[in-house]
2 protein chains.
Amino acid sequence: MATMHDVARLARVSVSTVSYVLTGARPISQATRDKVRAAMAELDYQPHAMARGLASRRSRILGLLLPIDDRGLGATETAFVTGAASAASAAGYHLVLSPVDADDLDGLRRLASQRMLDGALLMEVQLDDDRVAVLREAGVPLVLIGRTGDTTDLSYVDIDFDRTVRDAVAHLVGLGHRRIVYVNHSAATIAEGYGPALRTRDAFAAAMAEHGVEPLMIPAEDSAAGGRAALATAFDRAPDLTAVLAMNERAVFGILGGLAGRGLTVPDDVSVVSMVTSPQVAELATPALTAMTSPGSALGRIAVEALLRHLELDSAPIHQELLPCTLEVRGSSGPPGRPTPDTTGEADAADPEASGTTSKNTARRRAATRRRA
Amino acid sequence: MATMHDVARLARVSVSTVSYVLTGARPISQATRDKVRAAMAELDYQPHAMARGLASRRSRILGLLLPIDDRGLGATETAFVTGAASAASAAGYHLVLSPVDADDLDGLRRLASQRMLDGALLMEVQLDDDRVAVLREAGVPLVLIGRTGDTTDLSYVDIDFDRTVRDAVAHLVGLGHRRIVYVNHSAATIAEGYGPALRTRDAFAAAMAEHGVEPLMIPAEDSAAGGRAALATAFDRAPDLTAVLAMNERAVFGILGGLAGRGLTVPDDVSVVSMVTSPQVAELATPALTAMTSPGSALGRIAVEALLRHLELDSAPIHQELLPCTLEVRGSSGPPGRPTPDTTGEADAADPEASGTTSKNTARRRAATRRRA
DNA sequence: CTGAAAGCGCTAACAA
DNA sequence: TTGTTAGCGCTTTCAG
C-alpha cells in the first residue's frame with residue numbers, strides 16, 4: 001500500500017506538499033498539483049485513515065448512539081439510520097453504530113474518551129437524558145434525535161408532533177368526524193415521560209378543543225393485543241366513535257383486526273389514521289393505512305448535516321428543527337357513516353342484541369343499518 | 001485527556017510497561033500491574049483509538065457494507081444489523097455502516113484502501129458479486145451474509161432456505177394440505193438470479209415431490225398489490241388450493257387482504273404461512289401469521305464472531321453456516337376445510353355462481369358449505 | 001520482568 | 001510557492 005512518502009518521491013516534491021494538495025489547506029501551484037495528482041493516481045494512493053486521524057485530531061467518524069431495546073428498531077428508526085449513514089457517507093464521513101444502553105453512562109464515557117468520534121447523534125432521547133451531559137463533558141459535539149425537556153444550547157432534530165397531530169385531526173374533522181379516539185402508547189410509557197407520547201397527547205387535546213370537539217385518549221400496549229384491548233375500551237367509553245387516530249404502529253394493526261372482528265368496515269364504519277408511520281408499514285394493512293408519514297431518512301440526513309456544520313465551524317449556531325409528518329391518504333379514512341337515526345328507536349328495542357349495552361352492539365347496529373341502506 | 005505517558009509517569013514505569021499491561025502481550029508482575037492500573041484509574045485513562053490503530057495496524061473497526069436500495073431495510077435486515085452491532089460492541093469492536101452501491105466498485109476499493117476496516121460483512125450478496133474480489137484484493141477479511149454461487153474459500157452465514165422450505169411444507173402437509181401454492185418474489189427478481197428466490201423455488205419443488213404432491217409456484221411483486229395479483233393467479237391455476245406459502249413479506253399482506261376480500265377466512269378456508277419473517281411483522285396480521293421466523297440478529301452475531309476469528313487468527317478455518325428459520329405457529333395456519341363433497345354436485349349446479357369456473361367461486365362455495373355445517 | 005527508542009503515516013507549524 | 005521537521009499517542013522490537 002502506497003504511502004504519502006511514495007507519492008512525494010515519485011512526484012519529486014515533499015510530503016507536506018502532497019499533504020497540502022490533499023487537504024487544500026494551502027495554495028499549491030497548478031503544475032505541482034498536477035504532478036502530485038498524477039503520482040497519486042499512478043500509485044493508487046489512498047490516505048491512511050488512522051494516520052490522518054491521529055495527526056489531525058479528526059477521525060471523520062460520527063457515532064450513532066442507539067439504545068438497544070429488546071424490541072429492536074422500527075421502520076421509522078431504520079429509515080433514520082440509513083438516512084444518516086448515506087448523508088455521512090456523502091460527506092466523506094463514516095458512521096459507526098454504537099449500541100449503548102441508555103443507563104450505561106460509563107460505557108458511553110469510555111466510548112467518548114476513545115477520541116474516535118468527531119461527533120455523535122443521540123437516538124431515542126429521553127425528556128431528561130443523562131447521556132447529554134456525559135457527551136458534553138467529553139467534548140463530543142452532538143445532535144439529538146428527539147428532544148430533552150430543556151433544550152438550551154442543544155441542537156436537535158425531531159418530529160413536529162404538534163403539527164402532525166393537528167394535521168391528522170384536521171383531516172378527520174374535515175371528513176366530518178366528531179368522535180375521534182386517540183390511541184397512544186402504554187400508560188407506563190406515558191408515565192415514564194416518553195416525549196412523543198406526552199407531546200401528542202397534549203397536542204391532541206389542543207387540536208380537538210380548537211375544533212370544539214371532546215378529546216378522548218386511550219393508552220395501549222405496543223402490540224396487536226394492546227390495540228384490540230384499547231379498541232374495546234374505546235367502544236366502552238365512546239360507543240359512537242367514528243374514527244381512531246393511533247400513535248402506536250403496533251397497536252394499530254390490532255385495532256384493524258378488532259374492527260374486522262366486530263364486523264365493522266374500515267373506513268365505512270370507522271376511519272383509522274396512523275401517526276408517524278412509514279409507507280412500507282402503512283401499505284401492509286388492508287385497506288392501506290391513511291397515515292402521517294414519518295420523515296425518517298430526512299431526519300437522519302438533516303441531523304448529520306447539522307452535526308457536520310458544528311464540526312466544520314465551532315461557532316456554528318445551534319440547530320433546532322422540527323419536521324412534521326405528512327398526511328398520506330390511503331384507504332383507511334373516509335367520511336363517517338351517518339349516525340344512528342333517532343327514529344330507529346323501535347327497531348333497536350326489537351333487536352335481540354339491544355339489551356347488551358356494549359359499544360360493540362351499538363357499532364354493529366350502526367354498521368348494519370348503513371349496509372341496509 | 002490523559003495519555004499513556006501521564007500514566008507511566010504517575011505509576012513510575014515506562015510507557016511500554018503501561019502498554020503491555022493494557023494489551024497483555026507480555027507478562028507483567030502483579031505489583032507493577034497494580035500500580036499501573038491504579039494510575040490509569042486515577043487519571044481516567046482511555047487509550048486513544050486512532051493512535052492505537054496506527055501503531056498496531058488494527059483499527060478494531062468492522063465494516064457493514066450494505067447496498068442502499070430505494071426500499072430500505074426490512075425487519076429481518078434490521079435485526080441483522082443490530083445483532084451485528086451488539087456482537088461487535090461486546091467484543092470491543094466498532095461497527096461502521098457503509099452504504100456502498102453494489103456496483104460502485106471504485107467506492108468500495110477506496111473504502112477498503114483507507115485501511116480503516118479490519119474486516120467487513122457483506123450484505124445482500126449476489127450470486128455473482130464483484131465486491132468479493134475487490135475486498136479480497138484489498139486484503140480485507142470478509143464474511144458474506146448470503147452466498148455467492150461459488151463459495152470456495154469464502155466464509156458466509158446464510159439462511160438455510162432448503163430446510164426452511166422443507167419445514168414449512170412439512171407443517172402444511174402435516175395439517176393435511178395437499179394443494180399448496182408457493183408465492184415467490186417477482187419474476188424479474190428471479191430472472192436476475194436473486195439467491196433466496198431461486199433456492200426456495202427449488203427447495204419447494206423438491207419438498208413437494210417428497211410428499212408426493214404437485215408444486216405450484218407463482219411470482220409476485222413485492223407489494224400488497226403484487227400479493228393480491230398473485231392470489232388471483234393462484235386461484236385461476238389451482239381453484240382447490242387450501243394453503244399459501246409466501247416468500248414475500250410484502251405480498252403476504254396483500255394475499256391476506258385478497259382472501260378477506262373474497263370472503264375467505266384464514267385459516268379455515270386457506271392457511272397462510274410466511275417465510276423468513278420477523279415476529280414483529282408476523283404479529284401485525286390478523287390472525288397473526290404462522291411464519292418461519294428469520295434468525296436475524298443471530299445471523300448478525302454469528303457473522304461478526306466468524307469475522308473476528310479470522311482477524312485474531314489468520315489461519316482460522318473458513319466458516320460456512322446455514323441457519324434455518326424456525327416455525328412459529330400462530331393463527332394463520334390450520335387444517336384444511338374438507339374438500340367439496342362429490343355428493344353436492346347437484347347443489348353446485350343449482351348455485352347461480354357455479355357457472356363461473358373461477359377459483360373464487362369454488363372457494364367461496366367450500367367456505368359456505370363449511371359454515372352451514 | 002522492565003526500559004529505551006524506533007516507528008506507524010500523516011498534519012501543521014516553522015522556515016525559507 | 002514549497003520544504004523541513006516535530007509531533008499525534010500508541011505498539012513493538014531490541015536490549016538489558
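Guide: A polar contact here is a pair of N or O atoms within 3.5 Å, and this cut-off is the one to keep in mind for the DNA strands of this predicted model.

Visitor: Which residue of chain A has a polar backbone atom 2.7 Å from a phosphate oxygen of DNA strand D?

Guide: Within the 3.5 Å limit for a polar contact, several backbone atoms can be placed against DNA strand D. A polar backbone atom of B:H48 lies 3.2 Å from a phosphate oxygen of DNA strand D, whereas the backbone of A:A55 comes to 3.3 Å from a base oxygen of that strand. At 2.7 Å from a phosphate oxygen, the polar backbone atom asked about belongs to A:S29.

Visitor: How do the residues of the surface near DNA strand D divide into nonpolar, polar and charged?

Guide: DNA strand D is surrounded by 28 residues, of which A:T17, A:R57, B:M4, B:Y20 and B:Y45 are the closest, and sugar and phosphate make up 52% of the atoms of DNA strand D that come within 4 Å of the protein. When the residues of this surface are sorted by class, they come to 12 nonpolar, 11 polar and 5 charged.

Visitor: Which residue has a side-chain N or O atom 2.7 Å from a phosphate oxygen of DNA strand C?

Guide: Side chains from both protein chains approach the backbone of DNA strand C. The side chain of B:R57 has an N or O atom 3.4 Å from a sugar or linking oxygen of DNA strand C, and a polar side-chain atom of A:R52 is 3.1 Å from a phosphate oxygen. The side chain at 2.7 Å from a phosphate oxygen of the strand is that of A:S19.

Visitor: Which elements give two or more residues to the surface near DNA strand C?

Guide: Around DNA strand C there are 26 residues, and those that come nearest are A:M4, A:Y45, B:T17, B:R26 and B:R57, with sugar and phosphate accounting for 58% of the strand's atoms that come within 4 Å of the protein. By class, this surface holds 11 nonpolar, 11 polar and 4 charged residues. The elements that supply two or more residues to it are, in chain A, α2 (15-23) and α4 (49-56) and, in chain B, α2 (15-23) and α4.

Visitor: How many salt bridges are counted between chain B and chain A?

Guide: The two chains meet through 40 residues of chain B in contact with 40 residues of chain A, and together they bury about 3900 Å², 70% of it on carbon and sulfur atoms. Polar contacts join 7 residue pairs between chain B and chain A, with both partners at pLDDT 80 or more. For salt bridges between chain B and chain A, the count is 0.

Visitor: Which element gives the most to the side of chain B that touches chain A?

Guide: At least two residues each on this side of chain B come from α4 (49-56), α5 (75-90), β2 (94-99), α6 (105-113) and α12 (249-261). With 6 residues, the element of chain B that gives the most is α5(B).

Visitor: How large is the separation of A:R166 and A:D162 in helical turns?

Guide: A:R166 and A:D162 form a salt bridge, in which the closest N and O atoms are 2.7 Å apart. A:R166 is partly exposed at 25% relative accessible area, and A:D162 is partly exposed at 36%. Because the two residues stand 4 residues apart in helix α8 (residues 161-175) of chain A, their separation is about one helical turn.

Visitor: Which residue forms a salt bridge with A:R163?

Guide: A:R163 counts as partly exposed at 42% relative accessibility. Its partner is 4 residues away in helix α8 of chain A, so the two are separated by about one helical turn. The closest N and O atoms of the pair are 3.3 Å apart, and the partner is A:D167.

Visitor: Is B:V165 buried or exposed?

Guide: B:V165 lies in helix α8 (residues 161-175) of chain B. Beyond its neighbours within four places in sequence, B:V165 is in contact with B:T200, B:A203, B:F204 and B:M275. Since the limit for burial is under 20% relative accessible area, a residue at 0%, as B:V165 is, counts as buried.

Conventions:
Residues numbered from 1 in each chain as written. Chains lettered and ligands numbered in written order. Heavy atoms only, no water. Contact = heavy atoms within 4.5 Å. Buried area = accessible area lost by both parts, 1.4 Å probe. Salt bridge = Lys/Arg side-chain N within 4 Å of Asp/Glu carboxyl O. Polar contact = N/O pair within 3.5 Å; in protein donor to acceptor, adjacent residues only side chain to side chain. Near = heavy atom within 4 Å. Nonpolar A, V, L, I, M, F, W, Y, C, P; charged D, E, K, R; others polar. Buried < 20%, exposed > 50% of the residue type's maximum accessible area, 1.4 Å probe, protein only.
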